[in-house]
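Please open the structure in a viewer and keep the selection tool at hand. The tour below proceeds from one selection to the next.

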Amino acid sequence: MDTTLPRQFIELSLHSLKNAPVQAFQLNQQIVQQFGSMDVHEQALRLRLEPLLLRPLREEKIVVAVDTSTIKIGETSTGIVIAVRGANVWKQNRRYRYMRFGPFIFHITEENKKQVYETLERTYFSSLHEHSHQGAPSLLQMPTRIASILERWLQTMAAKTMNNGLILFDGSLTAGTAETPTHRMKEILETARKRDSVVLAFSKMTNLRVNGHRITDLLPEHKPPYLLETEGLKLKPPMVLLGDVYVARLSKGNLAFRLDIDKEVSPETRIEAVEKLLGNDLFAESYPETLRLAHILCTFTANEVLAMQHFVTRRFGLQIINRPDMHRLLFGLFGKGESYS
Amino acid sequence: MKLYRKEGNILQILSFPGETAEKGDYLLVEDADAGRALIVQVIDVQFASIPGVLEELLRSLPDGGELIKGEDVDPLEIAPHISYIQDASLLICKIRATAENDGLNPSSSWLPSRSQSTIKKLPLPTLLKLAKIDGKLPIVIGGTKDSSLLTIDATSLDGRLNIITGKKETGKSHLSKLLMVNLVGYKATVVVFDLNGEYLSLGLTSDGKRNANFDKIHVLTPSQNFKLALKQLNLHVMLGILIHALHLPGTSAREFRRIWQALKERDSLTLHELGETIRNWNCNQHVRDALFSRYHSLVNSGVFTDNIAEATSLEEYLLKTREHGGAIIMNLRNTSSIDRQIVVEYILGKLVESLSSSQLKAIFLFAEEAHLYLRETYWDDIVTRMRHYGIFTTFITNQPDTIRENIYRQADNIFLFNFTNEHDLDVVSRAARVDAETVRSIARDLPPHHCLALGRVVRDFPIVVKVKAIDVKTMGETRLFFTSATNQ
């Protein structure tokens, strides 16, 4: 496994923290976590309400899931202190295993954000992608951008190391965004295909609507598991859709998810991949357990936030103090706290 | 350690790994600016309520209860910090006193600074020194957790009501023997109601040799070396035996009083004469029958004799102990319930008599499982009237609910051994000098031979002590079936 990127994460993390100012301000316990992206651009979307019925295929397959998480753990007078973590979880021989990377803690300032971002981009992906020419992301975008770099790296590792498996992503297969450059996502999907693996991307939330209704709410009266096909979805350039979009209702319960499957894979193989996933993984409320575990393992708990604050305080001498909550300060009981989302 | 919150006289202190404090430990919360410090005692240790801990634990067990295996690449080594936060504990502490100007006062009305106060362990020797728990007549009870000795003052038992309680085989009798031996060493008179024959060998070392107290220990066994002639008893004591131990009705008691006075006038107070007089006494047949049945109980007890030569003089034993101290052990082992009550009625009556006539200064009475021989009305008597005469009682029991609530309320000292039963702990926590939280929390976790000393002896600073061993021959061991079978 190529560990250049994680090494660069560590170096940049330590470098940024060492150069942090003496004081840091706590974020008033506002915890912001990022898990994947939401899609918002659609035109003339149609949903075929005839379900594609599925039956679980018990053929042994490795299922691997990738997820990352980021959180802001404090503020300094010049920037923000963030943490990033990613996890790969795989199910093999009926057992779950995981590999977790992080947390990596960064002190991001207006001064160092460009350097941090570009160094990470270059380290693994050798070149800057198309959006980098527009300049470095804003300070508030940095947590999700750094997490995205780690996520793409983890996805690439999964695609490169697994043969004939099922790779689960968190989110969609929409590319051409600042976080997901088209060529990078294409590379990942191509790598997976070459090794006979199929990429399935589950979105926990979708804004895709048909006749004003969310596509995941338009479920026919039919016993799961099944898929519903969509047609006519086109995104505004430069965004592109690298997968075909389905609504997946894979187990009992009222929940369904948007499921993107690599569109370069034949329709039969796609259906077969979902059926193999049904035969190889556990499902609760239509969501695969492997992906759920990846999400759980990389999510930051309040305890970990405290521990990281403790770490930066002890190791780098950052003194964490409470910054007044302006909403509380101005509106008293009517102030609901600051929002950073 | 950090001060977290204060509610009433309970202080909550956040403690981190490496700052070990256990139940029973004392801490000093010092506020240098205020020039005062709180002395608090840890009564419970809990996990600190850390946000996110539940999630942390849950995610380590997601796979059907089996630990999910994996590898963590944690380059910044955050994991130890997570453990550090997770393992933080919350010390629930009871405020015992405020240290100010080299003195202690029981106030907890001030609030030390949360940000500026320093919290450190208060070594017990320092506490003992601060609280002046020592004295002119020291009794070493045993060792505390930090290897210092807990020495109490014998005068803190003088004039006091004490309770030694705990479940079976935790060391209650051992402590009472220790107190007894030390009191005898300070020339005190001790009377023991020994229900199981545990105190019979106080004068012998563990290997059966005579110890320094050999001549001061007097063991009296009813119907063997403890017999009474009717002439030794006054009517008041005899009526006490008949009414309270043998439940003689009032009408019959009045007849008995006449019979007794008639015999006394004739100077023929003997068992034989008493029987004859009852037989020939002109009274109602039912009364006669009632008197006769009690008469036979007295005869059958074996405690009474008409032979003056074999009668025991309790006064003589008491006088023997007056000069150099000593213990009178009333061996009630193998004695029936009625006979026990007869003996106890006599002894208590006689003690009050001797003390009221100033023949004795005061005596220390040790009563094991007193509910088995002490009549109802004596409980109040012992803590009020008899205490004024100079009978200072120590109750020893493994059934705390057999001692009345008012006894607990008036107890000056309590030596509490392990209890796990909630009901038992409830009963003990009614004592006025104890707070319920301390009793419930600390007594539950006491190992064998460790007791929680409460009350005047420790100046109201509850202290856990491992009772020291004494070189006295062990008696009263339970006879076991399997041990005998194996030996054969």
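The stops that follow begin with chain A, pass to the contact between the chains, and end in chain B.

**Chain A as a whole**

Please bear in mind throughout that this is a predicted model. Select chain A, which contains 8 helices and 18 strands. Of its 341 residues, 48% count as buried. Among the contacts in chain A with a separation of 6 or more, 78% are between residues 24 or more positions apart.

Colour the chain by confidence next. The average pLDDT of chain A is 81, and 83% of the residues score at least 70. Now select residues 25-42 of chain A, where the pLDDT is below 50; this stretch nevertheless has 61 contacts in the model beyond near neighbours in sequence.

**A buried residue in helix 6**

Select Ile296(A), which is placed in helix 6 of chain A. Is Ile296(A) buried or exposed? Ile296(A) has 21 C-beta neighbours inside 10 Å, so it counts as buried; the threshold for that label is 20 or more. Add Ala87(A) to the selection: Ile296(A) and Ala87(A) are separated by 209 residues in sequence, yet their C-alpha atoms are 9.1 Å apart in space.

**Backbone details in chain A**

The next selections concern the backbone. Most residues other than glycine have a negative phi, and most peptide bonds are trans. Select Gly102(A) and Pro103(A): the peptide bond from the former to the latter is cis, with omega near 10°. Pro103(A) belongs to strand 6 of chain A. Another cis peptide bond joins Pro224(A) and Pro225(A), with omega about 10°. Pro225(A) is found in the loop between strand 11 (213-214) and strand 12 (226-231) of chain A.

Move to Asp196(A), in the loop between helix 4 (182-194) and strand 9 (198-203) of chain A. Asp196(A) is not a glycine, but its phi is positive, at about 60°. Asp196(A) has 11 other C-beta atoms within 10 Å and is therefore exposed.

**Where the chains meet**

Show both chains together. The contact takes 23 residues from chain A and 23 residues from chain B. On the side of chain A that touches chain B, at least two residues each come from helix 1 (4-18), strand 6 (95-109), helix 6 (289-298) and helix 7 (302-316) of chain A. By type, the residues on this side of chain A are 16 nonpolar, 4 polar and 3 charged.

Select strand 6 of chain A with strand 5 (residues 69-73) of chain B; these two strands pair in the parallel sense over 5 bridges. One position to examine is Arg97(A), whose bridge partner in strand 5 of chain B is Lys69(B).

**An enclosed strand in chain B**

Select strand 16 (residues 391-397) of chain B. Why is strand 16 of chain B largely enclosed by the rest of the structure? It is because 6 of its 7 residues are buried. Strand 11 (residues 162-165) of chain B runs parallel to strand 16 of chain B and is joined to it by 4 bridges; here Ile163(B) stands opposite Phe395(B). Strand 15 (residues 363-368) of chain B also pairs with strand 16 of chain B in the parallel sense, over 6 bridges. In that pairing, Glu368(B) has Ile396(B) as its bridge partner.

**A helix with two sides**

Select helix 9 (residues 314-324) of chain B, in which Leu314(B), Leu318(B) and Thr321(B) are buried. Look down the axis of helix 9 of chain B: its buried residues fall within an arc of 65°, so they line one face of the helix. On the other side of helix 9 of chain B, Glu316(B), Glu323(B) and His324(B) are exposed. The cover over the buried residues of helix 9 of chain B includes strand 12 (189-194), strand 14 (326-331) and helix 10 (337-356) of chain B. Just after this helix, Gly325(B) takes a positive phi of about 80°.

**The nonpolar cores**

Finally, select Met180(B), Val190(B), Val192(B), Leu416(B), Cys451(B) and Ala453(B), the residues with the most contacts inside the largest nonpolar core, which has 123 residues. Helix 4 (residues 172-185) of chain B supplies the largest share of this core, 7 residues. A second, separate core of 93 residues includes Trp90(A), Ile146(A), Leu154(A) and Leu278(A).

Notes
Residues numbered from 1 in each chain as written. Chains lettered and ligands numbered in written order. Predicted model: local features only at pLDDT ≥ 70, side-chain atom pairs only at ≥ 80, totals over all residues. Buried ≥ 20, exposed ≤ 12 C-beta atoms within 10 Å, placed from the backbone. Pairing = 2+ DSSP bridges. Contact = placed C-beta atoms within 7 Å. Nonpolar A, V, L, I, M, F, W, Y, C, P; charged D, E, K, R; others polar. Core = buried A, V, L, I, M, F, W, Y, C linked by C-beta atoms within 7 Å. pLDDT = per-residue confidence, 0-100. Arc of directions from axis to C-beta.
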